[in-house]
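User: Hi! Could you walk me through the empty spaces in this one?
Analyst: Happy to, let's look at it together.

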Amino acid sequence: MPPIVSDDYKEKKKKEILSSAFVCFAKKGFEVATINDIVEHSGISKGAIYNYFQSKDDIYLELMSTETSQTYDELNQEISKKTSAIEKLNYLFDIYLDLNPFIEENKARFSVHLEFKLHSSRNKELTEQLRSRRQKYFISQITDILKDGQKTGEIKQDLNPELFADLFWSMVDGVVSQTIVYEDYPYHEVLKEIKKMFILRVLVQ
């Protein structure tokens with residue numbers, strides 16, 4: 001009879017696997033890193049890893065899901081404290097302005113996420129999962145802020161909230177992606193100008 005393991009033990013093992021996987025993905029790249037690399041780094045057997053995850057894709061998706069849901073909940077708690085749409089938008093921009101994208105941990109995270117996006121583009125199922133996640137956690141968040149601002153008269157009525165939510169994240173993602181390759185990229189200066197342009201475009205003057 002196999003030993004009975006607690007839920008806490010299972011959760012602990014999952015976190016160990018995910019932590020090791022992130023290190024391996026960041027060091028070697030998602031495509032090159034293997035389950036054997038994760039085994040070597042974590043000290044957990046391949047069989048044990050496959051008890052929790054079916055593939056590298058599953059490991060990454062769990063990494064992303066855990067990180068995104070936790071960040072999303074924390075962001076919503078802070079956003080709910082803001083009284084106006086413009087305060088909420090400023091807060092979201094300032095999170096990225098306060099970030100140092102060039103430190104190793106952040107650079108590794110950006111690289112892993114970008115590489116998996118490229119990897120998923122060759123797989124319809126993965127692409128749909130990423131699209132669904134983006135809509136649920138990112139597009140809807142900005143869309144709701146803009147719609148609320150239209151109701152209060154802060155945000156222009158002729159503005160398409162969904163379109164500008166896409167614009168917001170396209171600009172932020174674009175700026176962040178530059179820092180992966182270009183160490184001299186003027187990240188904060190560019191983002192400050194984007195913030196000014198976006199706020200000016202959506203705000204009722």
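Analyst: One term before we start: a cavity is a set of grid points where a 1.4 Å probe fits but cannot get out, and its lining residues have an atom within 4 Å of a point. Keep in mind that this is a predicted model.

User: Okay, so how many cavities of 30 Å³ or more turn up in the whole structure?
Analyst: The search finds one. About 30 Å³ of space lies in it.

User: Which residues line that largest cavity?
Analyst: Its lining is made of Phe 22, Tyr 60, Leu 63, Met 64, Glu 67, Val 112 and His 113. α4 gives the largest share, four residues, and the elements giving two or more are α4 and α6. By class, five of the lining residues are nonpolar, one is polar and one is charged.

User: Nice. Now pockets: how much space lies in the largest one?
Analyst: The largest pocket holds about 930 Å³. There are 29 residues in its lining, and those nearest the centre are Glu 67, Tyr 96, His 113, Arg 133 and Phe 138. Glu 67 and His 113 also appear in the lining of the cavity.

User: Which helices supply at least two residues each to that pocket's lining?
Analyst: They are α4 (56-79), α5 (85-97), α6 (104-120), α7 (124-152) and α8 (161-181). The lining divides into 17 nonpolar, six polar and six charged residues.

User: And what about the second largest pocket, how much space is in there?
Analyst: About 400 Å³. It has 16 lining residues, with Leu 63, Thr 66, Glu 67, Gln 70 and Arg 109 nearest its centre. α1 (7-28) and α4 each supply at least two of the lining residues, and α4 has the largest share with eight. Its lining counts five nonpolar, four polar and seven charged residues.

User: Switching topic: at what angle do α4 and α5 pack?
Analyst: The angle is about 140°, and the two axes are 10 Å apart. Angles over 145 degrees would count as roughly antiparallel, so α4 and α5 are oblique to each other. The crossing of α4 past α5 is right-handed.

User: Which residues make that contact?
Analyst: From α4 you have Leu 75, Glu 78 and Ile 79, and from α5 there are Lys 88, Tyr 91, Leu 92 and Ile 95. By class, the contact of α4 with α5 has five nonpolar residues, no polar ones and two charged ones.

Terms used:
Residues numbered from 1 in each chain as written. Predicted model: local features only at pLDDT ≥ 70, side-chain atom pairs only at ≥ 80, totals over all residues. Heavy atoms only, no water. 1 Å grid on protein atoms, 1.4 Å probe; cavity = no way out; pocket = protein on both sides within 12 Å on 5 of 7 lines; lining within 4 Å. Points joined across faces, edges and corners; volume = space filled by probe spheres on them. Nonpolar A, V, L, I, M, F, W, Y, C, P; charged D, E, K, R; others polar. Axes fitted to C-alpha atoms, helices over the stretch in contact; angles between N-to-C directions. Parallel < 35°, antiparallel > 145°, perpendicular 65-115°, else oblique. Left-handed = near helix turned anticlockwise from the far one by under 90°. Contact = heavy atoms within 4.5 Å.
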